[in-house]
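Could you walk me through this structure, starting from the outside and ending with the way its strands are put together? I am new to it, so a friendly tour would be welcome.

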Amino acid sequence: MRMMKCYLANTDNGHFITANEAATGEPGSLTCPSCGCVLYVQPGSADEKPWFWHDQSTVPASTLMSCVHSDPEIKAEARLRKLRNSIGEMVVPEPVLSWHCVWCGQHYQGVKLCIPCGTGIYSIEDKRQETAYLSSVSTSATWS
């Protein structure tokens with residue numbers, strides 16, 4: 001896992017110490033204030049100031065993922081992977097095409113709009129799609 005550079009650490013006696021302070025002396029054991037991981041000082045160069053690096057073997061990967069110093073790109077990839085997995089498990093709904101108006105007893109197909117009632121608010125899904133279609137065909141045949 002990629003971790004960003006860290007410039008602040010906790011000492012073993014509970015005080016904060018900067019990477020500049022740690023590079024000039026013997027600070028003892030250092031931990032990350034965010035995840036509790038063991039930190040080591042990297043001395044700076046002429047164009048870069050000192051920083052801490054995480055010893056990733058001292059804490060679980062799940063703890064490192066919640067650390068403020070973990071790479072934001074890695075966190076974004078993990079969030080996308082989790083979202084894709086949850087979407088992949090979703091059931092795709094089937095559109096309802098058969099309706100039954102509980103107000104007037106009419107069975108009809110297509111858009112949720114009962115013609116005799118002039119509304120669809122009293123209509124529910126007709127689970128018996130073939131029966132609903134056949135009854136609407138036979139009803140219209142008898143009225144013709």
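The accessible surface of this protein amounts to about 10100 Å², and carbon and sulfur atoms hold 59% of that area. Keep in mind as you look around that the model is predicted. Turning from the surface to what lies beneath, you will find that buried residues make up 25% of the 144 residues in the protein; buried here stands for under 20% relative accessible area.

Next, let us follow the chain. The protein has 4 helices and 8 strands. If you read along the sequence, these elements come in the pattern β-β-α-β-β-β-α-α-β-β-β-α. You can also ask how far apart in the sequence the touching residues are: among contacts in the protein with a separation of 6 or more, 39% are between residues 24 or more positions apart.

Now let us visit one sheet. Here 3 strands form an open sheet in the order 7-6-8, and their pairing is antiparallel. At its edges you will see strand 7, covering residues 107–109, and strand 8, covering residues 123–125; each of these edge strands pairs on one side only. From one strand to the next, the twist averages 35°.

For a closer look, pick strand 6, which spans residues 98–101. Strand 6 and strand 8 run antiparallel, and 3 bridges join them. One residue to look for is His100, whose bridge partner in strand 8 is Ile124. With that pair in view, you can trace the sheet again in its order 7-6-8.

Terms used. Residues are numbered from 1 along each chain as its sequence is written. This is a predicted model: local features need pLDDT of at least 70, side-chain atom pairs count only at pLDDT 80 or more; totals for chains, interfaces and linings use all residues. Side-chain values use heavy atoms; hydrogens and water are left out. Two strands pair if DSSP finds at least two bridges between them. Helices (H or I, at least four residues) and strands (E, at least two) are DSSP runs, numbered from the N terminus. Axes are lines fitted to C-alpha atoms, for helices over the stretch in contact, and angles run from 0 to 180 degrees between N-to-C directions. Buried means under 20% relative accessible area, exposed over 50%, partly exposed in between (1.4 Å probe, protein chains only). Contact means heavy atoms within 4.5 Å. Accessible areas come from the Shrake-Rupley method with a 1.4 Å probe; for residues, only the protein chains shown count as cover.
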